[in-house]
Amino acid sequence: MQECPPSAGVMLPQAWQLWGKWCRWSSPFIHLLTLTVVTFGVLAPLICHRLLHSYFYLRRWHLNPMSQEFLEQNQQEGQDALRYFEKMQMPNASEASGSDAFQPLLLITIITVQRRNDFHYVLQVVSQFHRLLQKCGARCQSHRMLLCNVESDPSSHQDVRLLSSFFPMVSRDRAGENPDPSLNQFEKEKQDYVFCLEQSLLVYNPEYILLVEDDAVPEEEIFSVLQHLFSARFSKPYLRDALYFKLYHPERLQRYFNPEPMRILEWLGLGMFLGPVLTCAYCRAAGRAGPSWCLVAFFALYSMALSELVGRHYGLELRRLHPALYNVVPASECCTPAMLFPAASARRASGYLRGLRCRQGFAKDTALYSLLRGKGENAFVVEPNLVRHVGMYSSLRLNSNPKLL
(Lines give C-alpha, C1' and ligand atoms only; values in the text may rest on other atoms or scores of the structure.)
Protein backbone atom coordinates (compact mmCIF):
# COMPACT_ATOMS: atom_id res chain seq x y z
CA MET A 1 0.00 0.00 0.00
CA GLN A 2 1.05 3.62 -0.71
CA GLU A 3 2.24 5.45 2.42
CA CYS A 4 0.10 8.41 3.44
CA PRO A 5 1.77 11.81 3.82
CA PRO A 6 2.05 13.09 7.39
CA SER A 7 -0.88 15.12 8.52
CA ALA A 8 -0.70 18.79 9.59
CA GLY A 9 -1.13 17.64 13.16
CA VAL A 10 2.09 15.63 12.93
CA MET A 11 4.10 18.35 11.07
CA LEU A 12 3.23 21.11 13.54
CA PRO A 13 5.10 19.63 16.50
CA GLN A 14 8.10 19.01 14.22
CA ALA A 15 8.10 22.68 13.20
CA TRP A 16 7.90 23.78 16.84
CA GLN A 17 10.70 21.40 17.69
CA LEU A 18 12.89 22.89 14.92
CA TRP A 19 12.04 26.44 16.02
CA GLY A 20 12.85 25.54 19.60
CA LYS A 21 16.21 24.16 18.49
CA TRP A 22 17.01 27.48 16.71
CA CYS A 23 15.93 29.57 19.69
CA ARG A 24 18.04 27.88 22.34
CA TRP A 25 20.79 30.10 23.82
CA SER A 26 23.37 27.65 22.48
CA SER A 27 22.03 28.05 18.92
CA PRO A 28 24.27 29.87 16.38
CA PHE A 29 21.14 31.64 15.10
CA ILE A 30 20.58 33.32 18.49
CA HIS A 31 24.30 34.09 18.82
CA LEU A 32 24.49 35.83 15.44
CA LEU A 33 21.15 37.63 15.86
CA THR A 34 22.27 38.96 19.25
CA LEU A 35 25.65 40.00 17.86
CA THR A 36 23.97 41.89 14.99
CA VAL A 37 21.46 43.70 17.23
CA VAL A 38 24.04 44.62 19.87
CA THR A 39 26.64 45.77 17.27
CA PHE A 40 24.45 47.84 14.95
CA GLY A 41 21.73 48.81 17.40
CA VAL A 42 23.72 49.59 20.56
CA LEU A 43 27.54 49.61 20.47
CA ALA A 44 28.22 51.23 17.09
CA PRO A 45 25.72 54.10 17.57
CA LEU A 46 27.07 54.77 21.08
CA ILE A 47 30.73 54.71 20.02
CA CYS A 48 30.43 56.42 16.62
CA HIS A 49 27.80 59.13 17.11
CA ARG A 50 30.54 61.83 17.17
CA LEU A 51 32.55 60.47 14.23
CA LEU A 52 32.05 63.06 11.50
CA HIS A 53 32.36 60.68 8.56
CA SER A 54 30.32 57.78 9.96
CA TYR A 55 26.75 56.86 9.10
CA PHE A 56 26.12 56.81 12.85
CA TYR A 57 27.09 60.51 13.19
CA LEU A 58 24.29 62.48 14.87
CA ARG A 59 24.42 65.53 12.65
CA ARG A 60 21.57 67.38 14.37
CA TRP A 61 23.28 67.09 17.76
CA HIS A 62 26.92 67.64 16.91
CA LEU A 63 27.41 69.50 13.61
CA ASN A 64 26.92 73.08 14.84
CA PRO A 65 29.05 72.83 18.01
CA MET A 66 31.78 70.83 16.24
CA SER A 67 31.91 73.35 13.38
CA GLN A 68 32.20 76.23 15.84
CA GLU A 69 34.90 74.41 17.82
CA PHE A 70 36.85 73.74 14.61
CA LEU A 71 36.66 77.42 13.57
CA GLU A 72 37.88 78.59 16.98
CA GLN A 73 40.74 76.07 17.01
CA ASN A 74 41.73 76.96 13.44
CA GLN A 75 41.68 80.65 14.27
CA GLN A 76 44.05 79.96 17.16
CA GLU A 77 46.32 77.94 14.86
CA GLY A 78 46.38 80.94 12.52
CA GLN A 79 47.53 83.19 15.36
CA ASP A 80 50.19 80.64 16.34
CA ALA A 81 51.46 80.59 12.73
CA LEU A 82 51.62 84.40 12.72
CA ARG A 83 53.75 84.37 15.91
CA TYR A 84 55.94 81.62 14.38
CA PHE A 85 57.04 83.96 11.57
CA GLU A 86 57.19 87.07 13.73
CA LYS A 87 59.81 85.30 15.86
CA MET A 88 61.72 83.78 12.93
CA GLN A 89 65.12 85.21 12.12
CA MET A 90 65.59 86.82 8.71
CA PRO A 91 67.44 84.49 6.28
CA ASN A 92 70.26 85.69 4.05
CA ALA A 93 69.40 87.22 0.69
CA SER A 94 70.14 84.13 -1.44
CA GLU A 95 67.90 81.88 0.70
CA ALA A 96 65.01 84.34 0.62
CA SER A 97 65.23 84.87 -3.14
CA GLY A 98 65.85 81.22 -4.02
CA SER A 99 68.79 82.22 -6.18
CA ASP A 100 70.86 79.08 -5.55
CA ALA A 101 71.65 77.29 -8.83
CA PHE A 102 70.26 73.94 -7.74
CA GLN A 103 67.67 71.65 -9.32
CA PRO A 104 65.46 70.40 -6.49
CA LEU A 105 63.96 66.93 -6.35
CA LEU A 106 60.73 68.42 -5.00
CA LEU A 107 59.42 71.97 -5.27
CA ILE A 108 56.53 72.79 -2.92
CA THR A 109 54.58 75.59 -4.61
CA ILE A 110 51.88 77.17 -2.47
CA ILE A 111 49.25 79.00 -4.49
CA THR A 112 47.55 81.71 -2.46
CA VAL A 113 44.99 84.53 -2.59
CA GLN A 114 43.88 86.95 0.10
CA ARG A 115 41.26 85.47 2.41
CA ARG A 116 39.97 86.32 5.84
CA ASN A 117 42.86 87.84 7.77
CA ASP A 118 41.94 86.33 11.14
CA PHE A 119 42.60 82.72 10.03
CA HIS A 120 45.96 83.26 8.26
CA TYR A 121 45.49 80.13 6.17
CA VAL A 122 48.67 80.52 4.13
CA LEU A 123 50.72 81.13 7.28
CA GLN A 124 49.41 77.87 8.75
CA VAL A 125 50.39 75.93 5.62
CA VAL A 126 53.84 77.49 5.19
CA SER A 127 54.75 77.27 8.88
CA GLN A 128 53.87 73.56 8.97
CA PHE A 129 55.86 72.83 5.80
CA HIS A 130 58.81 74.81 7.16
CA ARG A 131 58.69 72.98 10.49
CA LEU A 132 58.47 69.57 8.80
CA LEU A 133 61.36 70.38 6.46
CA GLN A 134 63.49 71.38 9.45
CA LYS A 135 62.53 68.15 11.21
CA CYS A 136 63.24 66.07 8.11
CA GLY A 137 66.82 67.38 7.99
CA ALA A 138 69.31 65.94 5.49
CA ARG A 139 66.71 63.71 3.80
CA CYS A 140 64.87 66.83 2.59
CA GLN A 141 67.85 68.97 1.55
CA SER A 142 66.76 68.56 -2.07
CA HIS A 143 63.34 70.15 -1.39
CA ARG A 144 62.48 73.80 -1.91
CA MET A 145 59.45 75.99 -1.26
CA LEU A 146 57.96 78.68 -3.52
CA LEU A 147 55.05 81.07 -2.87
CA CYS A 148 52.77 81.86 -5.81
CA ASN A 149 50.69 84.97 -5.12
CA VAL A 150 47.71 85.16 -7.52
CA GLU A 151 45.82 87.94 -5.73
CA SER A 152 44.49 90.48 -8.26
CA ASP A 153 46.43 93.17 -6.41
CA PRO A 154 49.50 91.26 -5.15
CA SER A 155 50.56 94.01 -2.74
CA SER A 156 47.25 93.74 -0.83
CA HIS A 157 47.99 90.17 0.36
CA GLN A 158 49.24 90.95 3.87
CA ASP A 159 50.33 87.44 4.87
CA VAL A 160 52.41 87.04 1.71
CA ARG A 161 54.13 90.36 2.38
CA LEU A 162 55.30 88.86 5.68
CA LEU A 163 56.37 85.57 4.06
CA SER A 164 58.27 87.25 1.21
CA SER A 165 61.02 88.09 3.71
CA PHE A 166 61.67 84.38 4.27
CA PHE A 167 60.77 82.51 1.05
CA PRO A 168 61.05 83.07 -2.71
CA MET A 169 57.84 84.31 -4.30
CA VAL A 170 56.30 84.88 -7.73
CA SER A 171 53.24 87.07 -8.29
CA ARG A 172 50.71 87.24 -11.08
CA ASP A 173 50.41 90.99 -11.57
CA ARG A 174 47.54 91.93 -13.87
CA ALA A 175 48.03 95.69 -13.52
CA GLY A 176 48.99 96.13 -17.18
CA GLU A 177 46.38 93.69 -18.56
CA ASN A 178 43.06 94.67 -20.08
CA PRO A 179 40.27 93.16 -17.95
CA ASP A 180 38.32 90.41 -19.70
CA PRO A 181 34.58 90.90 -19.02
CA SER A 182 33.87 87.26 -19.89
CA LEU A 183 36.38 85.91 -17.32
CA ASN A 184 34.47 83.98 -14.66
CA GLN A 185 35.88 83.03 -11.27
CA PHE A 186 36.39 79.37 -12.24
CA GLU A 187 38.37 80.28 -15.37
CA LYS A 188 40.45 82.75 -13.36
CA GLU A 189 41.27 80.02 -10.83
CA LYS A 190 42.35 77.71 -13.65
CA GLN A 191 44.54 80.40 -15.21
CA ASP A 192 46.13 81.07 -11.82
CA TYR A 193 46.80 77.35 -11.44
CA VAL A 194 48.49 77.18 -14.85
CA PHE A 195 50.55 80.28 -14.04
CA CYS A 196 51.88 78.75 -10.81
CA LEU A 197 52.64 75.45 -12.52
CA GLU A 198 54.56 77.14 -15.32
CA GLN A 199 56.43 79.49 -12.98
CA SER A 200 57.50 76.51 -10.87
CA LEU A 201 59.06 74.92 -13.95
CA LEU A 202 60.63 78.17 -15.08
CA VAL A 203 62.15 79.28 -11.77
CA TYR A 204 63.43 75.92 -10.46
CA ASN A 205 62.89 73.18 -13.09
CA PRO A 206 62.40 70.53 -10.36
CA GLU A 207 61.88 66.80 -10.84
CA TYR A 208 58.51 66.99 -9.04
CA ILE A 209 56.14 69.86 -8.25
CA LEU A 210 53.84 69.65 -5.26
CA LEU A 211 51.20 72.32 -5.98
CA VAL A 212 49.41 73.05 -2.72
CA GLU A 213 46.47 75.38 -2.13
CA ASP A 214 46.81 77.80 0.76
CA ASP A 215 44.35 75.97 3.04
CA ALA A 216 45.90 72.48 2.83
CA VAL A 217 48.03 71.85 5.92
CA PRO A 218 50.52 68.95 5.53
CA GLU A 219 50.35 65.90 7.75
CA GLU A 220 53.35 64.99 9.93
CA GLU A 221 54.38 62.04 7.79
CA ILE A 222 54.14 63.72 4.36
CA PHE A 223 57.87 63.75 3.59
CA SER A 224 58.56 60.19 4.73
CA VAL A 225 55.70 58.97 2.53
CA LEU A 226 56.83 61.05 -0.46
CA GLN A 227 60.38 59.73 -0.02
CA HIS A 228 59.04 56.17 -0.13
CA LEU A 229 56.95 56.95 -3.22
CA PHE A 230 59.91 58.52 -5.04
CA SER A 231 62.32 55.68 -4.22
CA ALA A 232 60.10 52.59 -4.33
CA ARG A 233 56.73 53.14 -5.98
CA PHE A 234 57.05 55.68 -8.81
CA SER A 235 59.53 53.49 -10.68
CA LYS A 236 56.70 51.09 -11.55
CA PRO A 237 55.68 51.41 -15.23
CA TYR A 238 52.00 52.15 -14.57
CA LEU A 239 52.89 55.03 -12.20
CA ARG A 240 55.92 56.44 -14.01
CA ASP A 241 54.00 58.43 -16.66
CA ALA A 242 50.98 59.50 -14.58
CA LEU A 243 49.64 62.99 -15.25
CA TYR A 244 49.29 63.75 -11.53
CA PHE A 245 49.01 62.26 -8.05
CA LYS A 246 46.37 63.60 -5.69
CA LEU A 247 47.43 63.79 -2.05
CA TYR A 248 43.94 64.63 -0.81
CA HIS A 249 40.42 63.36 -1.40
CA PRO A 250 37.47 64.58 0.71
CA GLU A 251 36.75 62.21 3.59
CA ARG A 252 33.01 62.28 2.87
CA LEU A 253 33.74 60.75 -0.58
CA GLN A 254 36.00 57.94 0.66
CA ARG A 255 33.25 55.43 1.42
CA TYR A 256 33.12 51.93 -0.02
CA PHE A 257 29.57 52.36 -1.33
CA ASN A 258 30.81 54.27 -4.31
CA PRO A 259 30.84 53.78 -8.09
CA GLU A 260 34.64 53.41 -8.16
CA PRO A 261 35.49 49.76 -9.00
CA MET A 262 38.71 49.66 -6.92
CA ARG A 263 36.78 50.50 -3.75
CA ILE A 264 34.26 47.71 -4.39
CA LEU A 265 37.10 45.22 -4.87
CA GLU A 266 38.78 46.45 -1.68
CA TRP A 267 35.47 46.08 0.20
CA LEU A 268 34.97 42.52 -1.06
CA GLY A 269 38.57 41.69 -0.18
CA LEU A 270 38.00 42.96 3.35
CA GLY A 271 34.99 40.65 3.72
CA MET A 272 36.86 37.68 2.28
CA PHE A 273 39.69 38.24 4.78
CA LEU A 274 37.67 39.03 7.92
CA GLY A 275 34.91 36.49 7.23
CA PRO A 276 37.06 33.37 7.86
CA VAL A 277 39.02 35.10 10.66
CA LEU A 278 35.88 36.04 12.62
CA THR A 279 34.32 32.65 11.90
CA CYS A 280 37.30 30.84 13.42
CA ALA A 281 37.19 33.15 16.44
CA TYR A 282 33.46 32.48 16.90
CA CYS A 283 33.83 28.70 16.56
CA ARG A 284 36.59 28.70 19.16
CA ALA A 285 34.59 30.87 21.58
CA ALA A 286 31.37 28.86 21.10
CA GLY A 287 33.12 25.47 21.25
CA ARG A 288 31.97 24.45 17.77
CA ALA A 289 33.79 21.68 15.91
CA GLY A 290 34.51 23.71 12.77
CA PRO A 291 33.35 26.57 10.51
CA SER A 292 30.63 26.35 7.90
CA TRP A 293 30.11 28.34 4.72
CA CYS A 294 27.02 29.96 6.21
CA LEU A 295 29.04 31.31 9.13
CA VAL A 296 31.82 32.55 6.82
CA ALA A 297 29.27 34.34 4.61
CA PHE A 298 27.59 35.92 7.65
CA PHE A 299 30.83 37.27 9.14
CA ALA A 300 31.99 38.51 5.73
CA LEU A 301 28.77 40.53 5.32
CA TYR A 302 28.90 41.60 8.98
CA SER A 303 32.45 42.99 8.65
CA MET A 304 31.68 44.68 5.33
CA ALA A 305 28.58 46.37 6.73
CA LEU A 306 30.38 47.46 9.90
CA SER A 307 33.35 48.92 8.02
CA GLU A 308 31.07 50.92 5.71
CA LEU A 309 28.75 52.20 8.44
CA VAL A 310 31.57 53.18 10.81
CA GLY A 311 33.42 54.81 7.91
CA ARG A 312 36.14 53.67 5.51
CA HIS A 313 38.04 56.87 6.35
CA TYR A 314 38.79 55.60 9.88
CA GLY A 315 40.08 52.28 8.56
CA LEU A 316 42.39 54.11 6.17
CA GLU A 317 44.01 55.87 9.14
CA LEU A 318 45.62 52.54 10.11
CA ARG A 319 47.79 52.83 6.99
CA ARG A 320 49.65 55.74 8.63
CA LEU A 321 51.61 53.17 10.67
CA HIS A 322 54.21 52.89 7.87
CA PRO A 323 54.83 54.60 4.50
CA ALA A 324 54.76 51.25 2.70
CA LEU A 325 51.14 50.76 3.77
CA TYR A 326 49.91 53.83 1.89
CA ASN A 327 47.64 53.05 -1.03
CA VAL A 328 48.08 54.42 -4.56
CA VAL A 329 44.88 53.87 -6.56
CA PRO A 330 43.25 55.42 -9.67
CA ALA A 331 42.09 58.98 -8.99
CA SER A 332 38.52 60.24 -9.01
CA GLU A 333 37.28 63.72 -9.89
CA CYS A 334 37.23 65.97 -6.80
CA CYS A 335 39.45 67.95 -5.60
CA THR A 336 42.83 69.78 -5.89
CA PRO A 337 44.15 70.97 -2.46
CA ALA A 338 47.45 69.10 -2.99
CA MET A 339 48.60 67.74 -6.37
CA LEU A 340 51.95 66.15 -7.18
CA PHE A 341 53.18 66.56 -10.78
CA PRO A 342 56.31 65.00 -12.28
CA ALA A 343 58.04 67.72 -14.33
CA ALA A 344 57.16 66.23 -17.73
CA SER A 345 53.56 65.72 -16.63
CA ALA A 346 53.36 69.31 -15.36
CA ARG A 347 54.25 70.55 -18.85
CA ARG A 348 51.57 68.34 -20.42
CA ALA A 349 48.94 69.36 -17.84
CA SER A 350 49.71 73.05 -18.37
CA GLY A 351 49.29 72.71 -22.14
CA TYR A 352 46.07 70.74 -21.77
CA LEU A 353 44.53 73.23 -19.33
CA ARG A 354 45.35 76.18 -21.59
CA GLY A 355 43.11 74.59 -24.20
CA LEU A 356 40.12 74.28 -21.84
CA ARG A 357 37.79 76.97 -20.50
CA CYS A 358 36.39 76.51 -17.00
CA ARG A 359 32.96 77.57 -15.80
CA GLN A 360 30.51 76.73 -13.05
CA GLY A 361 30.14 72.95 -13.02
CA PHE A 362 33.45 72.55 -14.87
CA ALA A 363 36.09 73.82 -12.43
CA LYS A 364 39.79 73.02 -12.70
CA ASP A 365 39.49 69.68 -10.86
CA THR A 366 36.82 68.52 -13.32
CA ALA A 367 38.91 69.84 -16.20
CA LEU A 368 41.96 67.88 -15.04
CA TYR A 369 39.89 64.72 -14.59
CA SER A 370 38.38 65.13 -18.08
CA LEU A 371 41.90 64.91 -19.53
CA LEU A 372 42.30 61.33 -18.33
CA ARG A 373 39.80 59.96 -20.81
CA GLY A 374 40.13 62.71 -23.43
CA LYS A 375 43.93 62.46 -23.69
CA GLY A 376 44.44 58.86 -22.59
CA GLU A 377 46.28 59.88 -19.43
CA ASN A 378 46.42 58.20 -16.00
CA ALA A 379 46.19 59.77 -12.55
CA PHE A 380 46.25 58.38 -9.02
CA VAL A 381 45.35 59.29 -5.46
CA VAL A 382 47.42 58.49 -2.37
CA GLU A 383 45.45 57.13 0.61
CA PRO A 384 45.14 58.19 3.38
CA ASN A 385 45.34 61.93 2.82
CA LEU A 386 48.71 63.66 3.19
CA VAL A 387 47.19 67.09 3.85
CA ARG A 388 44.30 68.41 5.96
CA HIS A 389 41.88 70.78 4.27
CA VAL A 390 41.26 73.50 6.88
CA GLY A 391 39.77 76.29 4.75
CA MET A 392 36.10 76.53 5.63
CA TYR A 393 35.95 79.98 4.01
CA SER A 394 36.26 79.44 0.26
CA SER A 395 37.75 81.93 -2.19
CA LEU A 396 35.12 80.86 -4.74
CA ARG A 397 31.91 80.48 -2.74
CA LEU A 398 30.95 83.03 -0.11
CA ASN A 399 29.55 81.48 3.06
CA SER A 400 29.12 83.45 6.26
CA ASN A 401 28.23 80.39 8.35
CA PRO A 402 30.38 77.44 7.16
CA LYS A 403 29.92 73.91 8.44
CA LEU A 404 32.20 70.87 8.55
CA LEU A 405 29.74 68.98 6.32
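Which residues form one aromatic cluster together with Tyr208? The other members of that cluster are Phe230, Phe234, Tyr238, Phe245 and Phe380, and the report below sets them beside other features of what is a predicted model.

## Overall make-up

The protein has 405 residues, of which 47% count as buried, and its chain includes 14 helices and 10 strands. Among contacts in the protein with a separation of 6 or more, 79% are accounted for by residues that stand 24 or more positions apart. The accessible surface comes to about 21600 Å², and carbon and sulfur atoms hold 59% of that area.

## Aromatic pairs

The count of aromatic pairs comes to 19. In one of them, tyrosine 193 and phenylalanine 341 have ring centres 6.5 Å apart and planes at 65 degrees, so this pair is edge-to-face. Tyrosine 193 lies in helix 7 (residues 185-203) and phenylalanine 341 in strand 8 (residues 338-342), so the pair ties together parts of the protein that are 148 residues apart in sequence. Both positions are covered: tyrosine 193 counts as buried because its relative accessibility is 1%, and phenylalanine 341 is buried with a relative accessible area of 0%.

A further pair, made by tyrosine 208 and phenylalanine 230, has ring centres 4.4 Å apart and planes at 20 degrees, so the arrangement is stacked. Here tyrosine 208 belongs to strand 4 (residues 208-213) and phenylalanine 230 to helix 8 (residues 222-233), so the pair ties together parts that are 22 residues apart in sequence. Tyrosine 208 and phenylalanine 230 are both buried, and the two are members of the aromatic cluster named at the start.

## Charges over rings

Aromatic rings also meet charged groups in this model. The charged end of arginine 255 sits over the ring of tyrosine 55, at 4.2 Å from its centre, while the charged end of arginine 312 sits over the ring of tyrosine 256, at 5.4 Å from its centre.

## Salt bridges

A search of the whole structure finds 17 salt bridges. One of these joins glutamate 189 to lysine 364, with the closest N and O atoms 3.1 Å apart, and this pair links distant parts of the chain, since glutamate 189 is in helix 7 and lysine 364 in helix 14 (residues 364-374), 175 residues apart. Glutamate 189 counts as buried because its relative accessibility of 19% is under the 20% cut-off, and lysine 364 counts as buried at 5%.

Arginine 320 takes part in a salt bridge with glutamate 221 (2.3 Å, N to O) and in another with glutamate 317, where the closest N and O atoms are 2.8 Å apart. Through shared partners, salt bridges join Glu219, Glu221, Glu317 and Arg320 into one network. Within this network, arginine 320 counts as partly exposed at 21% relative accessibility, glutamate 317 is partly exposed at 28%, and glutamate 221 is buried at 18%.

## A surface patch and a buried serine

Val38, Val42, Leu43, Leu46 and Ile47 make a nonpolar surface patch of about 460 Å². Of these, valine 42 has its place in helix 2 (residues 28-48) and is partly exposed, with a relative accessible area of 40%.

Serine 67, in helix 3 (residues 59-86), is by contrast buried, with a relative accessible area of 2%. Leaving aside neighbours within four places in sequence, serine 67 is in contact with Met392, Pro402, Lys403 and Leu404.

Definitions and conventions:
Residues are numbered from 1 along each chain as its sequence is written. This is a predicted model: local features need pLDDT of at least 70, side-chain atom pairs count only at pLDDT 80 or more; totals for chains, interfaces and linings use all residues. Side-chain values use heavy atoms; hydrogens and water are left out. Patches are made of residues with over 30% relative accessible area and no salt bridge: like charges are joined within 9 Å, nonpolar side chains (Val, Leu, Ile, Met, Phe, Trp, Tyr) within 5 Å. Accessible areas come from the Shrake-Rupley method with a 1.4 Å probe; for residues, only the protein chains shown count as cover. A salt bridge is a side-chain nitrogen of Lys or Arg within 4 Å of a carboxyl oxygen of Asp or Glu. Helices (H or I, at least four residues) and strands (E, at least two) are DSSP runs, numbered from the N terminus. Buried means under 20% relative accessible area, exposed over 50%, partly exposed in between (1.4 Å probe, protein chains only). Rings of Phe, Tyr and Trp (its six-membered ring) pair if their centres lie within 6.5 Å; planes under 30 degrees apart count as stacked, over 60 as edge-to-face and the rest as tilted. A charge sits over a ring if NZ of Lys or CZ of Arg is within 6 Å of the ring centre and within 35 degrees of the ring normal. Contact means heavy atoms within 4.5 Å.
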